[in-house]
Structures are given as C-alpha cells and as structure tokens.
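Trainee: I have a new protein chain to look at. Could you take me through it step by step?

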Amino acid sequence: MKEIILGQIPDNFDPALHIPISPACFVDHEWVYPKWMDIEFEPDPFQSADLMAKHVEMTTRYCQNYMHKLSTTLNDLNNTEYSEKYWSLLTLPWLLTLVQTTWERQLRLDHFLKNYSDQPAKVVLVRNNVDWDFSDTLSHQQKGVLRHEYNHWLYSRLLENRIPDKWIVSWTDINATEQRTSDRPVTFKQRVQKTFADQILASSVYGIDRFTALFYEVLLLKSLRFKKISHQTINSENLPPINLDWSLDWDTLVLSTLPRCFMSVTGIKKDSSNWSRYYLVGPILWYNENKKRKLAEALINGSKLVVAQHGGSYGTSRFYSFKNAIEYNHHRFISWGWTEQGEHKDNTIPLPAPLLSRFTYKKSGKKVILITTRAMMYSYRISPIPQAAQQLAYRESKAKFIEHLSDQVYSNLFYRPPLNELGSISDRAYFEDRFKGLSLLEGNLHRETMRCRLLVLDHPDTTLNIALSANVPTICFWDSKIWAMCEQAEPYFEELRAAGILFENGQEAAIKVNEIWDDVTEWWNQSSIQTARHNWVSQYALKSRNWRWQWIKALWNL
C-alpha cells in the first residue's frame, strides 16, 4: 500500500512506496531522489490559457463579492465602521492570495482523487490546531503559502471531509507559529529615510529621486479641495454573485489565516482639516500595511490615488487579476507606454518610465548573460507562468539552451540564478551540478547587463523592458502557450519572433546565439531588428531624458 504525500517528501522517498500530490513535494528535497524529474506527475489544474482565464475571473469576482462579509467581520473584530472601500484596499492582496492558492490546491486535489480514490493508500493529515499567527500579507505568503507545512495543513483541510473509503488516515501535529523577532537597532539616518518615505509617498515610485518625489508631492497639493466628510457606511459592490464550491469551511479558513495587522485597526480618524488630495504611489498597495492604512483613510475622506507601473508584464499579460483589482481600479494608472490591456482601458496615462530612463547600454565585454526566474512549485496566485509540472519542462528548456551553445559561446556564458528560491526548486544547485564549471553572475545585475555582449532571457518580465529600452542586444525564449499575452500585446511579441529575437524554446535560441556570435552588434543593428525593438519599446518601455517635465505636465492636468 502506497503512501500519499501532501507535504515534503520523506528522506526515504521511493516511488514504489510513495505518491507525491505534485512536484512541489520535492522543494528543498530534490537530493533525496535525484531522478525525481522522471516521475510521471498528475497534470496541472489548468490545461489551457482559456481555462486559466476562466478561473482567474471566477476567483477575482469571488473575492470582490466576499469583501462585504469580510468587511463586516473586520469591523466587528476591530470595533470600527469602516467601508468596504477601506477594507478592500487593506486586505485584497491577502484575500486574493488566499482564494486563488486555496482554489488551485483544491482543483489539484480534485484531479488527484479522480485517479487514486479507488486505490488502497495511506495518508498523513495535519490536525486543525495550528496557530499560524501571520503578521501581515507578506508573512502569509512567505511563512505560509510558499512552505510545505502550510500546504500540508491546507491539503488536510481540503481532504478531511471526503477521505476515500480505501484510504487509511493517520494524524500529525505541526508547530508553525511565526517567530516574532525583536526589532533591530535603527540608526538616525534610517529613521530620517523612513520618515521621508512614510510622508512623501511619491518616493515609492521606482526611479524617482527624493528631490523629484518631494516636488511632485507639492505639485499634487494643487489638487487639494475642500469637502464635507459624511459618515462612512459599508457599501456592497454591485457585482453578480458568484460562489466557489469549497471542500472546506471557507469562513473558518479566513479566520485561521487572517494576519494580525488586520485585527488591530483603530477607529476612523477625524479629518479636522476637512480636505482631500491626489496621492502618487508606486508598489506600496501590495504589502506595505502601514502605508496602505494611511491611503485607505485618505480614500474614505475623498482622496484619489495615481498608481505608477513598477515592473514588467503590466500591459502585456493576458491575466492580471491582482493588478486589475489592486492597482488599475484607482483614479489613474501611469504606464510605461501602453494604454490598454485586455478589457482594461480609459484611466491609463502612458509616460516615460523614470526607472528605464536611468539605464544606458555601454558594451564593454564579451559576457553572454542568461537570466532566469525562480521555478515556482507552490504558486501564490493564478497567473500565466509555468505551473508546477510545467516547471520541469521549463527547467529542461533552459538546460537545452546551455547544452546547444558552441564551446566559444559557453566559455563566455554567465548564468544568473534566481536570488529568491522560496517555494521553488533550486535551479542554482541543479545547473551547477549538471554543467560543471558553469560561471555564475553575482552582484549588481543591471550594471552587468548594461555592458554585456549579449543578454538572454527565459521569461518576459522587468529585465526585458529594461534591456530593450536601453537597446541591449537580447535573445529571448519561452513557451508562448504558457506565458500568455493579451490581444493588444501579442502583435508586438509576434514582431519580435519574426525578427529572430524571441523563440519558443531554449534549443532554438541557442542555435540563433551561435549563428550571430561572431558579430552580435551587426546583427542587432539590422533595420528589421531595430524596428521590432522600437515598436515594442514605444508601447511597453518608454524612456526619456526629459521624463520629469512630462510627468509634471501629466500630474498638473489630473
């Protein structure tokens, strides 16, 4: 009788004795069974981009509908009367993570049960007595969603009320309470910097210096307008109701995983000045709980947010539930050039990116830099990236790229592994072991990319925007069926394919690198290459020496 593994594989793992529910069971334990990638795992939950899009829509709408009940619960816990608008800004990043990850795990378990429920098996479940004690949204992600213990506990909740008759269950306990660390000593300089960042929220926009941030903050005060503050009441969004058929007690799960920061909120502050304004912000609406609280209170007093793009995949990805629900839905969104993404449009302002405007390409070496992203096994949202089983093919595609490089190119190759591999299989260890003598790129990434001979990317994220904007010779490869693009972006990526910049897999990309290696500059400066690059940049990676003045005009005209 085989044992079903819901968490981390045991040290004595043997495929003849154990059945892992997904490849994620091997995170941090690949060494236990070196041939684990040869195991035939159950398929991932979403077998097409269309199916993934459907579930993104379902889970996002569920979150928005559930916000009414959650707001009531949080007001009762905190003895407050905040509106849904307030609680949504504070809690939606956490709630979306909880909904989408739990739903993905449930779909994975559903499929697993269809194939194994009639077979005799044994399984160890975690008792429902864990005090998670997450401190905030990021804590829930990093100390929970991306770790074995939490997922073993979550699978146990999803399975305990529908255990197959032929399965033998045993129970175990885990102690997963987050350790509260003592505060480190803070220097006077750090206190000043934090005070500035807390007060001048425009400084959170990537690429903006402190002086410019302060100037924009003053400029936006011209939007100050007097108003009468009315009593705040909970207001439900007029969205069609949608229910997810959970295999667990959803309300209990919410309370079990609710971060502490949402249970210690004071009552509505009286706005004695009786005024509201615009706030320009960067990526603080996701995980910065203190700044979110400040902005939430400003919103219910009539202020409006102008949110600035802070990375890649904005404007290009087909699915963008987090961005749409957390950032796109405010007064204005400042993009790096695009105006429409799927059904989102109307409130986007395209401007040159301060971050991109900082970079200038100055070739001064022979390095070929291969940049990869982490191979996520425990997803923390539903998005168009490789799912757990697909990550194995993704890893092999990178290996094929390296294998098919000529000796001359390989001698100049520098591999940049992911810096954070939490919830992921370790590509750094894998590639160091598979390719003896492989050079690793450490230190400042973009200082190196701005002087390399050739940059190779295996995923479409921020570095792609930076590289093409700076005119760095670049080769890309990824599976277009997995990294799905929206209808507005697809023609620009197709132009990159036609120009020989973008390929479907690592082997094709390596062949191209070998072909152009003798004179990368001549290849890159061809009119067809530069036209494709320029067209893409004009939509998704604008830069300008005069970006400050263009931002001033846009902010003044809000």
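Mentor: What follows is a set of short questions and answers on this model.

Mentor: This is a predicted model, where local features need pLDDT of at least 70, side-chain atom pairs count only at pLDDT 80 or more, and totals for chains, interfaces and linings use all residues. Residues are numbered from 1 along each chain as its sequence is written, and side-chain values use heavy atoms, with hydrogens and water left out.

Trainee: How many helices and strands does the protein chain have?

Mentor: Count DSSP runs, numbered from the N terminus: helices are H or I with at least four residues, strands are E with at least two. The protein chain then comes to 19 helices and 18 strands.

Trainee: Why is the chain called as compact as a globular protein of that length?

Mentor: Use the radius of gyration, taken over C-alpha atoms, and the globule rule, 2.2 Å times the number of residues to the power 0.38. For 558 residues the rule gives 24 Å, and the chain is close to that, so it is as compact as a globular protein of that length, with a radius of 25 Å.

Trainee: What share of the residues is buried?

Mentor: Buried means under 20% relative accessible area, exposed over 50%, and partly exposed in between, with a 1.4 Å probe and protein chains only. Of the 558 residues, the buried share is 56%.

Trainee: Which strands stand at the edges of the six-stranded open sheet?

Mentor: Two strands pair if DSSP finds at least two bridges between them. The pairing here is parallel, in the order β15-β13-β11-β16-β17-β18. An edge strand has a single partner, so one side is left without a neighbour in the sheet; the two are β15 (439-440) and β18 (502-503).

Trainee: Which residue of β15 stands opposite Y415?

Mentor: Strand β13 covers residues 413-416, and two bridges join it to β15. Opposite Y415 in β15 stands L440.

Trainee: Which residues of β7 are buried on each face?

Mentor: In a regular strand the side chains alternate between the two faces of the sheet. Strand β7 (residues 278-281) is covered on both faces. One side has Y278 and L280, the other Y279 and V281.

Trainee: Which residue of β8 does Y279 stand opposite?

Mentor: Four bridges join β7 to strand β8 (residues 304-308), and the two run parallel. Y279 stands opposite L305.

Trainee: N79 has a positive phi; is this residue buried or exposed?

Mentor: N79 lies in the loop between α1 (49-78) and α2 (84-116). Its phi is near 55°, in a residue other than glycine. With a relative accessible area of 72%, N79 is exposed.
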